[in-house]
Amino acid sequence: MGTLRADPSGEFGHIGWQYQGHDEFLCRAAEYLAVGLNLDQRMVYVGEEEPAALRAALAAAGLGAGADEVDIKAVPQHFRFRAGGDVVDAESMVERYAAAAIASVADGYSGLRIVIDVTPVVRTPAQREAQAALEFLGDRRISTLPVAALCGYDIAELGDDAAGLLCLHPGTGPRPVPFQLYTQPSRRNAIALTGDLDAASEALFIATLQRILPLLSHGTLDIDARELEFVGHRQLVLLDRCCAAHGRTAVLRSNLPTVHRLFELIGFHNVRLDTAV
């Protein structure tokens with residue numbers, strides 16, 4: 001499952017990091033980049049501030065002389081946007097990340113390690129929709145490439161809107177999100193669900209499904225829920241209804257006895273349980 005991909009200090013992975021205050025994120029970024037320095041990875045930091053000031057801040061936050069090894073990019077330099085606007089071009093960015101990883105290896109590095117303060121490009125609803133697509137599709141694209149990515153979201157500024165983006169990462173921190181929904185690299189039409197799906201996370205779960213289902217093919221959706229710790233009957237009903245609304249069928253894999261019992265009691269039309277698990 002996603003354990004290795006979720007490792008916050010491992011060689012590779014994709015992590016959504018919530019922070020309150022820029023200094024807090026800089027300390028985490030310096031720690032994360034220091035790992036890449038030891039692994040001989042190409043290191044990139046993307047932020048809204050002036051590059052020289054950012055480099056000095058990373059050095060002061062604990063990276064020291066290693067800050068000189070970081071390629072610091074401004075937001076307009078790093079992101080590709082849809083024509084005439086400030087909304088990220090998700091498909092173009094997915095391929096940009098893949099190309100950057102391949103180029104890093106070709107240049108003699110062991111891989112690419114990138115830290116992005118995503119906050120500047122998710123301040124409007126349209127921006128958040130596009131970034132959600134980038135997080136989901138980008139995760140699938142880089143999951144088989146030598147990439148370690150840390151995506152920062154300022155929850156002091158974004159509030160509850162950050163949760164819909166953080167939950168699309170295999171790894172999150174430092175505070176938990178209710179659940180995580182992300183792609184599985186083994187199959188193109190597969191996702192993983194972890195965490196807890198209950199009444200408190202219901203609205204977020206529906207909104208996330210509405211975002212990601214159009215990004216998947218119309219074949220049967222494989223949902224690996226073996227690391228899902230709790231799900232209620234209402235959330236399973238909502239999953240079934242959401243699949244129906246999008247013309248999808250899904251196979252759910254879960255080890256939870258309660259899930260198996262719910263499938264015995266409730267007749268779902270668009271989601272079936274993989275009883276071989």
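Let me begin with a single residue, Leu239, which lies in helix 10, and let me say at once that the model we are looking at is a predicted one. Is Leu239 buried or exposed? Its relative accessibility is 4%, and because buried means under 20%, Leu239 counts as buried. If we set aside the neighbours within four places in sequence, Leu239 is in contact with Phe205, Leu209, Ile223 and Val271. Leu181 stands 58 residues away from Leu239 along the chain, and the C-alpha atoms of the two are separated by 13 Å.

From that residue we can move outwards to the sheet beside it. Five strands, taken in the order 7-8-9-10-11, form an open sheet whose pairing is mixed. Which strands stand at the edges? They are strand 7, residues 179-183, and strand 11, residues 271-273, and each has a single partner strand, so that one side of each is left without a neighbour in the sheet. On average, and ignoring direction, neighbouring strands here are turned by 25° against each other. Helix 10, which covers residues 233-245, packs on this sheet and touches strand 8 (190-197), strand 9 (221-231), strand 10 and strand 11, while its direction makes about 165° with that of strand 9.

At one end of that order, strand 10, residues 250-253, pairs with strand 11 in the parallel sense over 3 bridges, and within this pairing Leu252 has Leu273 of strand 11 as its bridge partner. A further helix belongs in this picture, namely helix 11, residues 257-265, which lies across strand 9, strand 10 and strand 11 and runs at about 125° to strand 11.

Let me now turn to the other sheet I want to describe. Here 6 strands form an open sheet in the order 3-2-4-5-1-6, and the pairing is parallel. Strand 3, residues 70-74, and strand 6 are at its edges with a single partner strand each, so one side of each has no neighbour in the sheet. From one strand to the next the twist averages 15°. Strand 1, residues 13-19, is joined to strand 6 by 3 bridges, and the two run parallel; Ile15, for its part, has Gly171 in strand 6 as its bridge partner.

Two helices can be placed against this sheet. Helix 2 lies across strand 1, strand 2, strand 3, strand 4 (112-117) and strand 5 (147-154), and it runs at about 175° to strand 4, whereas helix 6 lies across strand 1 and strand 5, at about 165° to strand 5. Helix 6, residues 125-142, also meets helix 5, residues 90-106: their axes come within 9 Å and cross at roughly 30°, and the crossing is right-handed. Among the residues that make this contact are Met93, Val94 and Tyr97 of helix 5, together with Ala133, Leu134 and Leu137 of helix 6.

How does the domain assignment divide the chain? It gives domain 1 as residues 13-176 and domain 2 as residues 190-273. The C-alpha centres of domain 1 and domain 2 lie 29 Å apart, and the contact takes 12 residues from domain 1 and 7 residues from domain 2.

As for the interior, nonpolar side chains in soluble globular proteins tend to be buried together. In this model the largest nonpolar core has 65 residues, and those with the most contacts inside it are Phe79, Tyr153, Leu193 and Leu252. Each of the two domains, domain 1 and domain 2, supplies at least three residues to this core. There is also a second, separate core of 20 residues, which includes Leu33, Tyr45, Val70 and Val115. To return to Leu193, its contacts, not counting residues up to four places away in sequence, include Phe179, Leu181, Phe205 and Ile223.

I will finish with two details of the backbone. Gly173 and Pro174 are joined by a cis peptide bond, with omega at about -5°, and Pro174 lies in the loop between strand 6 (171-173) and strand 7. The other detail concerns Asp40, in the loop between helix 2 (22-38) and strand 2 (42-47). Although Asp40 is not a glycine, it has a positive phi of about 60°, and with a relative accessible area of 45% Asp40 is partly exposed.

Note on methods
Residues numbered from 1 in each chain as written. Predicted model: local features only at pLDDT ≥ 70, side-chain atom pairs only at ≥ 80, totals over all residues. Heavy atoms only, no water. Pairing = 2+ DSSP bridges. Helix = DSSP H or I, 4+ residues; strand = E, 2+ residues; numbered from the N terminus. Axes fitted to C-alpha atoms, helices over the stretch in contact; angles between N-to-C directions. Contact = heavy atoms within 4.5 Å. Buried < 20%, exposed > 50% of the residue type's maximum accessible area, 1.4 Å probe, protein only. Core = buried A, V, L, I, M, F, W, Y, C linked by side-chain atoms within 4.5 Å. Domains from an automatic or database assignment. Left-handed = near helix turned anticlockwise from the far one by under 90°.
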